[in-house]
Amino acid sequence: MNKKLGWFLAGGLLVALLLAGVVSNFASSSPDGLDATARQGCTFDANGEITGGTCMARQEQGHQMKDSPLADYGIRGIHNSALSTGLAGALGVLITFGIGAGGFWLVRRREQKAA
């Protein structure tokens with residue numbers, strides 16, 4: 001890997017870490033388009049719980065990973081929500097970068113053997 005590519009990757013990783021670790025705390029807590037559509041037709045109380053009506057959201061169930069350490073955009077056990085969200089985002093970026101780098105390394109290694 002040449003020096004320019006290394007600096008480019010390091011800069012991209014730094015930007016991604018800053019976005020995931022800091023800026024993610026300022027994301028809207030309002031439902032996204034899919035959630036808003038699924039909630040159409042229902043009535044809600046002050047806590048956002050469904051109290052009546054018919055909508056797709058009434059069929060909602062918990063997912064298999066709901067008890068995982070990184071569930072709900074945070075890290076279980078860290079009670080400061082901003083810190084929990086930021087660390088979960090940064091950890092997600094690092095895991096994704098590691099998987100991507102490993103995949104590219106395997107592909108490049110295979111190409112060198114074939115040549």
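**Figure 1. Sequence-distant contacts in the predicted protein model.** Of the contacts between residues at least 6 apart in sequence, 29% join residues at least 24 apart; contact means heavy atoms within 4.5 Å. The model is predicted: local features need pLDDT of at least 70 and side-chain atom pairs count only at pLDDT 80 or more, while totals for chains, interfaces and linings use all residues. Residues are numbered from 1 along each chain as its sequence is written, and side-chain values use heavy atoms, with hydrogens and water left out.

**Figure 2. Elements and overall dimensions of the protein.** The protein has 3 helices and 2 strands, in the order α-α-β-β-α from the N terminus on. Because its radius of gyration is 20 Å, well over the 13 Å that the globule rule gives for 115 residues, the protein is more spread out than a compact globule. Helices (H or I, at least four residues) and strands (E, at least two) are DSSP runs, numbered from the N terminus. The radius of gyration is taken over C-alpha atoms, and the globule rule is 2.2 Å times the number of residues to the power 0.38. Along the principal axes, the C-alpha atoms fill a box of roughly 65 × 35 × 25 Å.

**Figure 3. Surface and burial in the protein.** Of the 115 residues, 14% count as buried. Buried means under 20% relative accessible area, exposed over 50%, and partly exposed in between (1.4 Å probe, protein chains only). The protein exposes about 9,500 Å², of which carbon and sulfur atoms supply 62%. Accessible areas come from the Shrake-Rupley method with a 1.4 Å probe; for residues, only the protein chains shown count as cover.

**Figure 4. A nonpolar patch that includes Leu19.** Leu14, Val15, Leu18, Leu19, Val22, Val23 and Phe26 make a nonpolar surface patch of about 700 Å². Patches consist of residues with over 30% relative accessible area and no salt bridge, with like charges joined within 9 Å and nonpolar side chains (Val, Leu, Ile, Met, Phe, Trp, Tyr) within 5 Å. A salt bridge is a side-chain nitrogen of Lys or Arg within 4 Å of a carboxyl oxygen of Asp or Glu. Leu19 is located in helix H1 (residues 3–21) and counts as partly exposed because its relative accessibility is 48%.

**Figure 5. Surroundings of Leu17 in helix H1.** Leu17 touches Val22, Ala90, Val93 and Leu94, leaving out residues up to four places away in sequence. With 24% relative accessibility, Leu17 is therefore classed as partly exposed. Thr51 is 34 residues from Leu17 in sequence and 40 Å from it in space, C-alpha to C-alpha.

**Figure 6. Ser84 and the backbone of Ile75.** Ser84 belongs to helix H3 (residues 81–114). Its relative accessibility is 6%, so Ser84 counts as buried. A polar atom of the Ser84 side chain lies 2.6 Å from the backbone nitrogen of Ile75. A polar contact is a pair of N or O atoms within 3.5 Å; within protein, one must be able to donate a hydrogen and the other to accept it, and residues adjacent in sequence count only if both atoms are side-chain atoms. Apart from neighbours within four places in sequence, Ser84 is in contact with Tyr73, Gly74, Ile75 and Ile78.

**Figure 7. Positive phi values at Asp72 and Tyr73.** Asp72 is found in the loop between strand S2 (50–53) and H3, and Tyr73 also lies in the loop between S2 and H3. Phi of Asp72 is near 60°, a positive value in a residue other than glycine. For Tyr73, phi is likewise near 60° and positive, again in a residue other than glycine. Asp72 is exposed, because its relative accessible area is 68%; Tyr73 has 72% relative accessibility and so counts as exposed.

**Figure 8. Distances from Val107 in helix H3.** Val107 has a relative accessible area of 46% and is therefore partly exposed. Its C-alpha atom is separated by 21 Å from that of Lys4, which is 103 residues away along the chain. Ser29, 78 residues from Val107 in sequence, is 39 Å from it in space, C-alpha to C-alpha. Ser29 sits in the loop between H1 and helix H2 (33–38) and is exposed because its relative accessible area is 77%.
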